[in-house]
Amino acid sequence: MRFAFKGTSYEIDLSAKNAAAFRKLLAPYVEHTRKAGRAPARRGGRPAASRQGSGDIRTWAQQRGLAFSERGRIPASVREQYEATGGH
């Protein structure tokens with residue numbers, strides 16, 4: 001028998017008698033449930049090309065002495081300067 005609780009799926013082997021008892025215990029709760037839809041798709045992060053582009057911008061900015069965090073979002077002003085120079 002399969003069931004889920006608090007977002008985790010479980011599977012348990014029960015005899016016919018115990019499966020009936022389990023269903024009987026859950027019946028008052030199941031009566032008031034609704035079928036859950038599929039969970040929303042998770043974002044898989046940025047594509048490799050985007051990560052590479054960010055690395056190129058960071059290298060370009062460091063070579064020009066532009067200071068910003070090594071991690072996280074690249075400031076729009078830095079990205080704009082990079083794009084204005086054609087990435088060179």
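This short talk walks through one predicted model, from its overall fold to a hairpin, an aromatic cluster, a pocket and a nonpolar core.

Before the details, a word on conventions: residues are numbered from 1 along each chain as its sequence is written, and side-chain values use heavy atoms, with hydrogens and water left out. Since the model is predicted, local features need pLDDT of at least 70 and side-chain atom pairs count only at pLDDT 80 or more, while totals for chains, interfaces and linings use all residues.

Let me start with the fold. The protein chain holds three helices and two strands, and along the sequence these follow the pattern β-β-α-α-α; helices here are DSSP runs of H or I with at least four residues, strands are runs of E with at least two, and both are numbered from the N terminus. Of the 88 residues in the chain, 10% count as buried, where buried means under 20% relative accessible area, exposed means over 50%, and partly exposed is what lies in between, using a 1.4 Å probe and protein chains only.

I turn now to the hairpin. Strand β1 and strand β2, residues 8–11, run antiparallel and are joined by four bridges, two strands being paired if DSSP finds at least two bridges between them. Within this pairing, Arg2 has Glu11 in β2 as its bridge partner, and Phe3 stands opposite Tyr10. Two residues separate the strands of the hairpin, and Lys6, in the loop between β1 and β2, has a phi near 55°, which is a positive value in a residue other than glycine. Lys6 is also exposed, with a relative accessible area of 75%.

Next come the aromatic contacts, of which a search of the whole structure finds three pairs. The criterion is that rings of Phe, Tyr and Trp (its six-membered ring) pair if their centres lie within 6.5 Å, with planes under 30 degrees apart called stacked, over 60 edge-to-face, and the rest tilted. One of these pairs is Phe3 with Tyr10, which is stacked, at 5.5 Å centre to centre and 25° between the planes. The rings of Phe3 and Phe22 have their centres 5.3 Å apart and their planes at 55°, so this pair is tilted. That second pair links distant parts of the chain, with Phe3 in strand β1 and Phe22 in helix α1, 19 residues apart. Ring pairs thus link Phe3, Tyr10 and Phe22 into a cluster. As for exposure, Phe3 is partly exposed at a relative accessible area of 30%, Tyr10 is partly exposed at 39%, and Phe22 is partly exposed at 22%.

Which residues line the largest pocket? They are Phe3, Ala4, Phe5, Phe22, Leu26, Tyr29, Val30, Thr33 and Arg34, and the pocket has a volume of about 280 Å³. The elements that give two or more residues to this lining are β1 (2–5) and α1 (16–30), and the largest share, four residues, comes from α1. By type, the lining divides into seven nonpolar residues, one polar and one charged. A pocket, on a 1 Å grid over the protein atoms alone, is an open set of points where a 1.4 Å probe fits, with protein on both sides within 12 Å along at least five of seven lines, and lining residues have an atom within 4 Å of a point.

Finally, the core. The largest nonpolar core has six residues, namely Ile57, Trp60, Ala61, Ile74, Val78 and Tyr82; such a core is a set of buried Ala, Val, Leu, Ile, Met, Phe, Trp, Tyr and Cys residues joined through side-chain atoms within 4.5 Å. Two or more of its residues come from each of α2 (48–63) and α3 (76–84), and α2 gives the most, with three. In soluble globular proteins, nonpolar side chains tend to be buried together. Is Ala67, in the loop between α2 and α3, buried or exposed? Ala67 is exposed, with a relative accessible area of 79%, and its C-alpha lies 9.4 Å from that of Val78, at a separation of 11 residues in sequence.

Notes: Grid points are joined across faces, edges and corners, and a volume is the space filled by probe spheres set on the points. Ala, Val, Leu, Ile, Met, Phe, Trp, Tyr, Cys and Pro count as nonpolar, Asp, Glu, Lys and Arg as charged, and the others, Gly among them, as polar.
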